[in-house]
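Colleague: Could you walk me through one part of this structure in close detail, and then show me how the rest of the model looks around it? I would enjoy a connected account.

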Amino acid sequence: MNGGANTLVTCHANADFDAFAAMLAVRRICERCALFFPGSQERPLQKVYAEIDKNAYGFVEGCPDWESFDRLVLVDTRQRSRVRHVEPLLERQGVRIEVWDHHPESADDIAAASARIAKVGAVTTLLVQKLQERGIILTREEATLLGLGIYSDTGSFTYSSTTADDFLAAVWLLGQGMNVRRINDMASHELTSQHIQALNRLLESAQTYMMDNNPVVLAEVSLEHYLGDFASLAHKLMEMEKISVLFAVGRMGDRIQVVARSHNEAFDVGKICTSLGGGGHSYAASASIRGMTLDGVRENILRRLQGQNRPGKTARDYMTAPAIGIDAEATLREADELMLHFGLKAVPVFSHGKHACIGLLDAQTASRAVAHGLSGEPVREYMRRYMRTLPLDADLQQLSDIIVGHRQRLVPIMEGGEVAGVVTRTDLINLFASEPGLIPVQRDRHKARNVGKHLHDRLPEELRKILALAGDAGARLGLPVYAVGGFVRDMLLDRHTQDVDLVVEGNGIALARELARQLNGRVRDHQKFLTSVVIYHNGKGEEARIDVATARLEYYEYPAALPTVELSSLKMDLFRRDFSINALAVRLDGEHFGVLADFFGGWQDIRDRTIRVLHTLSFVEDPTRCLRAVRFEQRYDFRIGTGTEKLIRNALSLKLMDRLSATRLFNEYRHICEEANPVACFTRMRELGILSAVAPALVLTPTKIVLLQQLRETVAWYALLYFRETAQRWIVYFYGLATGLSYKDASAAYDRLGLPGTRKQEILRSREQLRHVKDKLLKWQKKNDSGNARISDLYELLRAFSPECLIYLMAAANKEDLKKVLSRYITQWSREKPDITGDDLRRLGLAPGPAFSRILQAVLTAKLDGTVVNVESQLRLAKKLMRGEYP
């Protein structure tokens, strides 16, 4: 090296200990140089860098003065994509570039004037050899930091890439004063609570793929924020699970981190990470990726592992051509007849007569839509919009990933923006049946996701015991038994859950009776719906219930009807449910305890915080699901998926809400009112057009939204008072929603919401009284402000109103002083009673009769106004009243 030049030394982005140590070594060889550290994601290295004397080691802080350097030394890399932070020097003419590296060559390598490249475990080893040649003496700290680089990149000399040169370099450093104990301290990885949570999620998501009988594990985690030292989790995961090949994939904000490790020489993880824009060795590599999804990264990794470049047949060889499809503007009846005629299970949907594919339509959806009376509706409204297509040169692995992995019945094969042909599920089955050797990467079914730890950690002991009893009963009876639906959803979200729904593949009623026997409870059967309810007393002595169903399939004879029930498998039972997040099941019996059944991607939708229906006719068959979609979206802070939102709007355009019974609408409205934030639900219903479809008169103005929010706050305040008289929230929110409406419109809205007819006159009458009392309250408050108002007058104004009316008045009060008065009325004055009773009046000689209530009311009025504040003064007033003396 030419020590007289002005030299900048750097390494690859996201530095590791070996790269850092190599930079320090170059400083001892090159007399006039500056070190430019590009940063690191590894917390131990961050800590070491923060603690060293940066000035003493010649590190440049901030942006270097590029013009002052005419030589660049790169260590531990020569890939241009990994040293973007020194781009100004790379592009400038006349800059001499020198390289020290131990990675294999790649197409991205920089042309260097001088390069020292060798196959050793750590690049620091090469620089230690140069230090030895020159007879340079190191300080103890320098020797230890250089040793740290070698120890780190050789896995403490355990990696297969370790060479004799690495050992010899370490021996020389030991002679220079290298402190092995200090190296162990600096390299240790301390796991924070965030790291432990991420590690648990990696463990839960880990899937094993068998490739030529070699297991390869892919584990994924999604994090809202960046997590440093992600590589340490990969190392920990391999240790815990004895994994030979691992790809740990972490989505962190707007990027995806991949850390790959291999103890199997058959798999070169360095090449795979290089293809993703990263780099590394055959045994250890990483990549930082932007602009790709987790699914895309996973599929890319699997394709590379499978051997994408091996010669073989492509989609062109497997497809059926020309493709039979249907135009987006054709009717559902035409699509149904087309598939029936050709015996097809699905067809691609074309745009305006051209062969540009914009969706898929399956035969089942078309025939069910026709049965629901939607024959004349265009195909575009019920097709599956979000599908995957492939080019002509796609390989068998890619086809299998979509048809098997994503359960897409048919894959359009594209050429020049048009459909050249299709590959169907049947094509794939026939191919694998005839040539079993062609079957591509498959998941190891023995590594199904198990959430048993969640059940143990997130459920109270009593609930865990009940699940164990149900599982034991299923095992004894030879019946697979599952906890299903909302219970599983809330358990995975770590939210409080008490209601348990069980589904049995077989005789659900028999299992219910066995469970009731163990709980000393009783069973109520419903033979028509194949369901049972186990009623028992819980640990608090309260009556509790467990719903037990036989796996069943529900179908709807016409839109908005109640379901008809048939026997089916668990998968079909879950398919009848509303959203993917509610179509999850956890097995409870025997050795299968804790295994998650997820046929429709509910686990991923929970992680992605998405509300998604299971099929395109979901809202046609049950329009109340539109309201439930909003309710779940707001409750969990999820988002209704784009396709699902479009299906909601389509159902509204067909006016399917008009067909719902009053009972079903009221049930959904009441549930919304019981949510933590009904106002957000109503607002979202307005955005989607649901509110106007249910009750056109209910228009949410900004003023009304403010009132509804005040109602929400007042309802919450009232609930904390724990009064015996509870407030029914559906009444409170109806008063808010109907504010400003005429009596006629309010009556129509009441009917459209399906509110109870038996209470209609009472509630509408109270609503009219509320309208009139507001002015009287303002007048009373004006008197009160001047000190002339009486509490007894307020009492008379409000005594006939229900808790719901009082909550409305308090929320609607525009003046803070009036709110305080109404608050005190609710909490104190409305509950006042005279301190004397009828017994006291009898002792005073008054015979029982109408005078009793008149005198006691007069005493209460005086007490409210503060003129009689104790028993003695109230008795004196009563005597006067008995004598006919009125104050």
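Colleague: To start with one pair of strands: which residue in β17 is the bridge partner of L410?

Modeller: Happy to. Please keep in mind that this is a predicted model. The bridge partner of L410 in β17 is T424. That pair belongs to a set of 6 bridges that join strand β16 (residues 410-415) to β17, and the two strands run antiparallel. Together β16 and β17 make a hairpin with 2 residues between them. In the turn, G416 has a positive phi of about 60°. Strand β17 (residues 418-424) is mostly covered, with 5 of its 7 residues buried.

From the hairpin we can turn to a small sheet. It is open, has 3 strands in the order β12-β13-β14, and its pairing is mixed. Its edge strands, β12 and β14, each pair on one side only. Between β12 and β13 there are 2 bridges, and these strands run parallel; I326 has V349 in β13 as its bridge partner. Helix α14 lies across β12, β13 and β14, at about 70° to β14. Helix α15 also packs on this sheet, where α15 touches β13 and β14, and its direction makes about 70° with that of β14.

Helix α14 (residues 332-342) deserves a closer look. Its buried residues are L332, A335, L338 and M339. They sit on the same side of α14, because they cover an arc of only 120° around the axis. In general, an α-helix has 3.6 residues a turn, so residues three or four places apart point the same way. The buried residues of α14 pack against β12 (326-327), β13 (346-350), β14 (357-362) and α15 (363-371). On the face turned away from that buried side, α14 carries the exposed residues L340 and H341. Just after the helix, G343 takes a positive phi of about 65°. Ahead of β12, in the loop between α13 (315-318) and that strand, is P322. A cis peptide bond joins A321 and P322, with omega about -5°.

Two more backbone details may interest you. D76 is not a glycine, yet has a positive phi of about 65°. D76 is found in the loop between β3 (71-75) and α4 (87-91), and counts as buried at 1% relative accessibility. S156 is not a glycine either, and has a positive phi of about 55°. The loop that holds S156 lies between α6 (140-153) and α7 (164-175); at 46% relative accessibility, S156 counts as partly exposed.

Next comes another open sheet, this one with 7 strands in the order β21-β22-β23-β20-β19-β26-β27 and mixed pairing. At its edges are β21 (522-526) and β27 (596-597), each of which pairs on one side only. Helix α19 (residues 461-477) packs on the sheet and touches β19, β20 (501-504), β22 (531-537) and β23 (543-550). The direction of α19 makes about 150° with that of β19. Helix α21 (residues 508-518) lies across β19, β20, β21, β22 and β23, and runs at about 155° to β23. Within the sheet, 3 bridges join β19 (residues 481-484) to β26 (residues 585-587), and these two run antiparallel. One of the pairs is V484 with A585 in β26.

As for the interior, the largest nonpolar core has 138 residues. Those with the most contacts inside it are L502, I546, Y669, F682, I690, F734 and L798. Helix α35 (residues 803-812) gives the largest share of this core, 8 residues. Leaving aside neighbours within four places in sequence, F734 is in contact with Y669, A746, A749, Y750, L753, L755, I763 and L764. Apart from that core lies another, of 48 residues, among them C11, M23, V48 and V120.

A helix pair completes the tour. The axes of α34 (residues 791-798) and α38 (residues 850-864) come within 7 Å and cross at roughly 125°, which makes α34 oblique to α38. On the α34 side, the contact is made by I791, S792, Y795 and E796; on the α38 side, by Q857, L860, T861 and L864.

How values were computed. Residues are numbered from 1 along each chain as its sequence is written. This is a predicted model: local features need pLDDT of at least 70, side-chain atom pairs count only at pLDDT 80 or more; totals for chains, interfaces and linings use all residues. Side-chain values use heavy atoms; hydrogens and water are left out. Two strands pair if DSSP finds at least two bridges between them. Helices (H or I, at least four residues) and strands (E, at least two) are DSSP runs, numbered from the N terminus. Contact means heavy atoms within 4.5 Å. Axes are lines fitted to C-alpha atoms, for helices over the stretch in contact, and angles run from 0 to 180 degrees between N-to-C directions. A nonpolar core is a set of buried Ala, Val, Leu, Ile, Met, Phe, Trp, Tyr and Cys residues joined through side-chain atoms within 4.5 Å. Buried means under 20% relative accessible area, exposed over 50%, partly exposed in between (1.4 Å probe, protein chains only). The arc is that of the directions from the helix axis to the C-beta atoms. Angles under 35 degrees count as roughly parallel, over 145 as roughly antiparallel, 65 to 115 as roughly perpendicular and the rest as oblique.
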